[in-house]
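Visitor: I would like to learn how to read a few features of a model. Please take them one at a time.

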There are 2 protein chains.
Amino acid sequence: MSEDNKEPEITYNEAGLVPAIIQDHEGGRVLMMGWMNSEALTRTRETGRVWFWSRSRQEFWRKGDTSGHRQYVRGIEYDCDADTLLIQVEQIGAACHTGSRSCFDNRTLEAVTDRDESNQ
Amino acid sequence: MSEDNKEPEITYNEAGLVPAIIQDHEGGRVLMMGWMNSEALTRTRETGRVWFWSRSRQEFWRKGDTSGHRQYVRGIEYDCDADTLLIQVEQIGAACHTGSRSCFDNRTLEAVTDRDESNQ
């Protein structure tokens, strides 16, 4: 990566982290959300494999190193406030440590989903 | 919503907030990420319109009340740690205050995307 590109500064929170939404580049399923610090984002961009910062263990982790369930970067986007990342990946196997493809699989909250005239 | 359902407790961060990823229920584009407190989530579930908590203004806001760009709930999921929400919506108009459909539109970071043998 050149040092003189016009990319924005990413805004990190008070803990030095930015949330990274991980999305399957095929089909668009959201697989998980993780947290990156600046170094994890740099490693992700420069290697094409997704790195996170573990808040609980306070260490870097590269997705798949233990499980084999690697994430290969297909694209990285940031939002209008540059404080959230959206990363499209090729996901090998399950993204979730429970063995589910997505961390959101089979976990729903009941909600009103009827759009009606009283609901404008 | 009944009081005796078996839904999990959602885990809020130290500020009492949970991130909510908002996804277009048609096509799967991730539109934005916002933050909810417990009351915003309850309002969202009970009304079928998406409510957030504004960290900068320290107030509730219902998406679309100013812009007309309302979000109608089509489904709510939570992740394996119950600390992130994924909400499928019918999005009216632009989700982003800039006028873009998605807050992530036209904002990409350069990254390595070649999966090769040295990148396993």
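Guide: A disulfide is counted when a pair of cysteine sulfur atoms lies within 2.5 Å. This is a predicted model, in which local features need pLDDT of at least 70, side-chain atom pairs count only at pLDDT 80 or more, and totals for chains, interfaces and linings use all residues. Residues are numbered from 1 along each chain as its sequence is written, chains are lettered from A and ligands numbered from 1 in the order in which they are written, and side-chain values use heavy atoms, without hydrogens and water.

Visitor: How many disulfides does the structure hold over all chains?

Guide: A disulfide is a covalent bond between the sulfur atoms of two cysteines. The structure holds zero over all chains. The closest cysteine sulfur to that of A:Cys96 belongs to A:Cys103, and at 3.5 Å it is too far for a bond. B:Cys96 is likewise in no disulfide, with the sulfur of B:Cys103 3.5 Å away.

Visitor: Which residues of helix H1 in chain A are buried?

Guide: Buried means under 20% relative accessible area, exposed over 50%, partly exposed in between (1.4 Å probe, protein chains only). Helices (H or I, at least four residues) and strands (E, at least two) are DSSP runs, numbered from the N terminus. In H1 (residues 38-47), the buried ones are A:Ala40, A:Leu41, A:Thr44 and A:Arg45. They line one face of the helix, because they fall within an arc of 130° seen down its axis, taken from the directions from the helix axis to the C-beta atoms.
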